[in-house]
Amino acid sequence: MLELIGGILLAAGAVYFVLQPILRPGSSGGEERDAGSVDEGDDPDDDFSPRAVALRALKEIEFDRATGKLSDADYDNLKSKYTTEALAALRVEPPGAPPFPVSRVPSPVCPTHGPRPESDAAFCSECGRRLATAPGYCARCGSALEHDAHYCHSCGARVAA
């Protein structure tokens, strides 16, 4: 008798799980939808920004050329036109954006020659001095620190804990 009740409950749960999307189309398996998630009905072709339009046009002429619908001369003309439009649209900065991407990774700095172009350098490429970002060396002057030093013995700068 216990097996029969368990089987009925299991079957009822399976039926509920299968019918849930039909009965409540707004929910997906009981989980809340993310506010930024894309619905199945959203079409990426609905984006009419100049950038999206130009990029879609480039894809379209590539496809038309591959299928033989577009001659090479027409393809070259359209590609140059849409490429210039896409580049112009990509160069337009969104409002409030910085003019150039700013790196959040600190670059190594030589006390004498300033920031170094090598991101993982431990020594200056011009003078060979240990850089300020290297552990065990002073951030101001670059000289070696004693073990457990609180101040640099060369310049007197406080050592970070």
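This section walks through the fold of a predicted model, the packing of two of its helices, and a few individual residues.

The overall architecture is a good place to start. The protein chain contains three helices and two strands, and these elements follow one another in the order α-α-α-β-β along the sequence. Of the 161 residues in the chain, 17% are buried. Among contacts with a sequence separation of 6 or more, 15% link residues that are 24 or more positions apart.

The pairing of helices H2 and H3 offers a more detailed view. Two packed helices are described by the angle between their axes and the distance between the axes. Here, H2 spans residues 50-66 and H3 spans residues 72-91, and their axes approach within 8 Å while crossing at roughly 160°. Because angles over 145 degrees count as roughly antiparallel, H2 and H3 are therefore assigned to that class. The crossing of H2 past H3 is left-handed.

Many side chains can be followed across this pair. On the H2 side, the residues that meet H3 are Pro 50, Arg 51, Ala 54, Leu 55, Ala 57, Leu 58, Ile 61, Glu 62 and Arg 65. Their counterparts in H3 are Asp 72, Tyr 75, Leu 78, Lys 79, Tyr 82, Thr 83, Glu 85, Ala 86, Ala 89 and Leu 90. Arg 65 and Tyr 75, which both appear in these lists, deserve a closer look: the charged end of Arg 65 sits over the ring of Tyr 75, at 4.3 Å from the ring centre. By contrast, a search for aromatic pairs across the whole structure returns zero.

Lys 59 is another residue of helix H2. Its relative accessibility is 64%, and Lys 59 counts as exposed because that value lies over the 50% cut-off. The C-alpha atom of Lys 59 is 9.8 Å from that of Lys 79, although 20 residues separate the two in sequence. Lys 79 itself is one of the H3 residues that meet H2.

The strands bring a residue of the opposite kind into view. Gly 114 belongs to strand S2, which covers residues 114-115. With a relative accessible area of 16%, Gly 114 is buried, because the value falls under the 20% limit. Once neighbours within four places in sequence are set aside, Gly 114 is in contact with Pro 108 and Val 109. Further along the chain, Cys 124 lies ten residues from Gly 114, and the C-alpha atoms of Gly 114 and Cys 124 are 9.1 Å apart.

How values were computed:
Residues numbered from 1 in each chain as written. Predicted model: local features only at pLDDT ≥ 70, side-chain atom pairs only at ≥ 80, totals over all residues. Heavy atoms only, no water. Helix = DSSP H or I, 4+ residues; strand = E, 2+ residues; numbered from the N terminus. Buried < 20%, exposed > 50% of the residue type's maximum accessible area, 1.4 Å probe, protein only. Contact = heavy atoms within 4.5 Å. Phe/Tyr/Trp six-rings, centres within 6.5 Å; stacked < 30°, edge-to-face > 60°. Lys NZ or Arg CZ within 6 Å of the ring centre and 35° of its normal. Axes fitted to C-alpha atoms, helices over the stretch in contact; angles between N-to-C directions. Parallel < 35°, antiparallel > 145°, perpendicular 65-115°, else oblique. Left-handed = near helix turned anticlockwise from the far one by under 90°.
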